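Have the sequence and the 3D view open side by side for this one. We'll go through it piece by piece.

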Amino acid sequence: MRLLFLGDVLGRAGRDAVTRHLPGLVERWALDFVVVNGENAAAGFGITEAIAQDILDAGADCITTGNHVWDQREALVFIERQPRLLRPVNYPAGTPGRGVNLFIARNGARVLVMNAMGRVFMDPLDDPFAAVAAALEDCALGAEADAVVIDFHAETTSEKQAMAFFVDGRASLVVGTHTHTPTADHRILPEGTAFMTDVGMCGDYDSVIGMERDEPIGRFTRRIPSGRFQPAAGEATLCGVAVEISDATGLAEAVHPVRLGGTLSQSLPPFWP
Ligand code: FE2
């Protein structure tokens, strides 16, 4: 099966890139399943119900989030009626919504998507490794699931790489999100899990991680906030990762970064013409 994961959609620039490019990619590549991280879609902070619907309408099958999931307070309510929106699975018991869900892809495959959040330099939630292991036990690749996708929303490369090797052979794809900067280490791990430490953002890269540059530069140089962070409004680069998953095993057969539009160098998967 053909799966596309798109990184953190940042503000209007990111949303415009998704609505401009994604419908065509779904058709051109005959994508079976699309996951989009949407936690920065509402002006950089959280996601609204209307924006979530726009991303789904553009071709996403599931929207993942992270530390900004509740920035728009309405998410605490509408997540309960939107099974395609996930929040990190390792929030405490009783948190609204769900961190994992099983979907049927366009080719009929059962796709388990899981969202977890790291704890290094982030809000210390419950142990993400234990939460992921428990979810994989409930719905195992090759048994209850034909493909497993894990969005590990974390700050450090080390925690993301540890998670990838922790589940190697038990997931089709582990992708890191949150740093808004794509890494060059996309690969298939020894036991068959595709991995990329960070997939990057769908946002304007003429910025500091998606925000207009003056305020972040000022906070670093003067140590005094002088305004709000504003999403950069130039053309976004759509950043993601394309994965070909074996129908027989659910493990990865090919993985390649996707970068389309905007200022970053362009990259398209050679295995999908
Ligand atoms: Fe984040």
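What follows is a walk through a metal site, a helix, some salt bridges and a few odd backbone spots. Keep in mind that this is a predicted model.

Let's start with the metal. Which residues hold the iron ion? The protein donors are Glu 39, through OE, Asn 67, through OD1, His 153, through NE2, and His 178, through ND1. These donors lie 2.0 to 2.3 Å from the iron ion. Read along the chain, the donors of the iron ion are spaced as E-x27-N-x85-H-x24-H. Take Glu 39 and His 178 from that set: Glu 39 lies in the loop between β2 and α2, and His 178 in the loop between β7 (173-177) and β8 (187-188), so this pair ties together parts that are 139 residues apart in sequence. Both Glu 39 and His 178 are buried. As for geometry, the angles among the four donor atoms run from 83 to 170°, and the site counts as irregular. The reason is in the cut-offs: four donors are called tetrahedral if all angles lie between 85 and 135 degrees, so a set of angles from 83 to 170° doesn't qualify as tetrahedral.

Next, scroll to helix α1, residues 11-28. Its 18 residues reach 26 Å from the first C-alpha to the last, which is close to the 26 Å expected at 1.5 Å a residue. Where does α1 bend? The bend is at His 21, by about 35°, and a proline, Pro 23, follows within four residues. His 21 is also one of the buried residues of α1. The others on that list are Gly 11, Ala 13, Gly 14, Arg 15, Ala 17, Val 18, Leu 22, Leu 25 and Val 26. One piece of helix geometry helps in reading such a list. An α-helix has 3.6 residues a turn, so residues three or four places apart point the same way. With that in mind, look along α1 at Gly 14, Ala 17, His 21 and Leu 25, which are among its buried residues. What covers the buried residues of α1? The cover includes the strands β1 (2-6), β2 (33-37), β10 (238-245) and β11 (252-260), along with helix α2 (49-57). Just past the helix, α1 is followed by Ala 30, whose phi is positive, near 50°.

Helix α1 also takes us to the salt bridges, and the count for this model comes to ten. One of them joins Glu 235 to Arg 20, with the closest N and O atoms 3.8 Å apart. This pair links distant parts of the chain: Arg 20 sits in helix α1 and Glu 235 in the loop between α6 (214-222) and β10, 215 residues apart. Are these two partners buried or exposed? Neither label fits: Glu 235 is partly exposed at 45% relative accessibility, and Arg 20 is partly exposed at 48%.

A second salt bridge runs from Arg 106 to Asp 61, where the closest N and O atoms are 3.0 Å apart. Arg 106 is in the loop between β4 (100-104) and β5 (110-117) and Asp 61 in the loop between α2 and β3 (62-64), so the pair ties together parts that are 45 residues apart in sequence. Here the partners fall into separate classes: Arg 106 is partly exposed at 46%, while Asp 61 is buried, with a relative accessible area of 10%.

Then there is Asp 198 with Lys 160, a salt bridge whose closest N and O atoms are 2.7 Å apart. Asp 198 lies in the loop between β9 (194-196) and α6, and Lys 160 in helix α5, 38 residues apart. Both of these residues are buried.

While you're on α5 (157-166), find Phe 166, which lies in that helix. Phe 166 is partly exposed, with a relative accessible area of 35%. Setting aside neighbours within four places in sequence, Phe 166 is in contact with Phe 129 and Ala 133. The C-alpha atoms of Phe 166 and Phe 129 are separated by 7.9 Å, though the two residues are 37 residues apart along the chain.

Two more backbone spots round off the tour. Ile 209, in the loop between β9 and α6, has a positive phi of about 40° although it is not a glycine. Ile 209 is partly exposed, at 47%. Arg 223, in the loop between α6 and β10, also has a positive phi, near 65°. Arg 223 is exposed, with a relative accessible area of 65%.

How values were computed: Residues numbered from 1 in each chain as written. Predicted model: local features only at pLDDT ≥ 70, side-chain atom pairs only at ≥ 80, totals over all residues. Heavy atoms only, no water. Helix = DSSP H or I, 4+ residues; strand = E, 2+ residues; numbered from the N terminus. Expected span 1.5 Å × (residues − 1). Bend = angle between axes of the 7 residues up to and from the residue. Buried < 20%, exposed > 50% of the residue type's maximum accessible area, 1.4 Å probe, protein only. Contact = heavy atoms within 4.5 Å. Salt bridge = Lys/Arg side-chain N within 4 Å of Asp/Glu carboxyl O. Donors = N, O, S within 2.8 Å, 3.2 Å for Na, K, Ca; no water. Tetrahedral: all angles 85-135°; square planar, octahedral: opposite > 155°, others 65-115°.
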